[in-house]
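Me: I'm new to this one. Can you walk me through a few spots in it?
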Amino acid sequence: MACGVIQGVIRERSHAMRMVDPKYLVFDLDETLYPTSNGLMEAIRERIILYMMGRFGISREKAEERRTTYLARYGLTLAGLYIEDHVDVKDYMAFVHHVPLGQYVRPNEALDRMLARLSPAKVIFTNSDVAHSRRVLSALGVSESHFELIFDFEAMGCNAKPHPESYRRLLERIGAKGPECILIEDNPRNVGPARELFGMKTVLVGKGRSEGLVRSELADWVIDDLLELEGLIAREYAGTQGRTFGRDGAT
Ligand SMILES: [Mg+2]
């Protein structure tokens with residue numbers, strides 16, 4: 001009967017660890033709602049360099065150097081440009097996002113349908129801006145109505161992910177606690193604060209930007225394709241009861 005006692009203990013512990021159903025799905029935009037490989041961010045990065053060359057009258061080499069410095073210091077070029085050079089955020093956003101989106105972002109009907117089926121409230125949490133987000137959604141054929149809110153760089157108080165203030169402001173705005181949210185994000189650097197400082201559950205999506213890193217240690221879950229999210233949530237949340245008993249039986 002010792003076996004029964006051990007099983008009981010395991011079940012009790014598993015029950016205590018059961019996750020609260022997510023209240024919010026918090027989606028990054030760029031390279032999360034569409035694949036990293038589609039070339040859009042390369043086009044935007046080129047526009048960022050052109051912006052800096054024109055704004056400061058500097059060479060490409062100097063612009064790239066300054067961009068690298070700002071990325072290392074703030075995690076986002078714009079954060080450095082705003083804090084250190086006081087650039088106009090709206091001008092910057094309009095310039096760097098002036099790219100033919102339709103050449104890069106293909107419609108994704110399956111994504112639109114998946115978002116419609118996922119029941120938690122959904123928000124977009126992006127270092128870009130609302131206008132760019134709307135254009136991306138339109139190019140994807142994904143309805144903006146799936147999302148309760150697009151929370152952008154200015155809404156973050158001109159901080160940017162991974163600055164903790166960005167996450168704090170988002171949680172305050174939506175009235176949720178970190179553990180009630182799942183962050184879905186392609187950039188490993190933005191996952192850490194969500195998980196470690198705010199207790200959000202985290203999904204790292206896509207194959208990019210994680211070479212040389214142990215992906216499974218960066219986030220609670222790792223998926224290659226955003227369309228795997230629905231199955232993951234069904235398995236890890238709604239399916240918790242069955243999964244727990246399955247584990248007991250296998251041990
Ligand atoms: Mg991204």
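Me: At what angle do helix H3 and helix H4 pack?
Reply: About 95 degrees, with the axes of H3 (residues 60-74) and H4 (residues 77-85) 7 Å apart. Axes are lines fitted to C-alpha atoms over the stretch in contact, and angles run from 0 to 180 degrees between N-to-C directions. That makes H3 roughly perpendicular to H4 (65 to 115 degrees counts as such).
Me: Is this a predicted model, and what gets counted?
Reply: This is a predicted model, where local features need pLDDT of at least 70, side-chain atom pairs count only at pLDDT 80 or more, and totals for chains, interfaces and linings use all residues. Residues are numbered from 1 along each chain as its sequence is written. Helices (H or I, at least four residues) and strands (E, at least two) are DSSP runs, numbered from the N terminus.
Me: Which residues in H3 meet H4?
Reply: Arg 67, Tyr 70, Leu 71, Arg 73 and Tyr 74. Their partners in H4 include Leu 81 and Ile 83; contact needs C-beta atoms, placed from the backbone, within 7 Å.
Me: New topic: where is Glu 31?
Reply: Glu 31 sits in the loop between strand E1 (24-27) and helix H2 (40-56). Its phi is positive, about 65 degrees, although Glu 31 is not a glycine.
Me: Buried or exposed?
Reply: Glu 31 is partly exposed, with 19 other C-beta atoms within 10 Å (buried is 20 or more, exposed 12 or fewer, partly exposed in between, with C-beta atoms placed from the backbone).
Me: Which residues does the cis peptide bond join?
Reply: Lys 161 and Pro 162, with omega about 15 degrees. Pro 162 is in the loop between strand E3 (147-151) and helix H8 (164-174).

Notes: Parallel < 35°, antiparallel > 145°, perpendicular 65-115°, else oblique. Contact = placed C-beta atoms within 7 Å.
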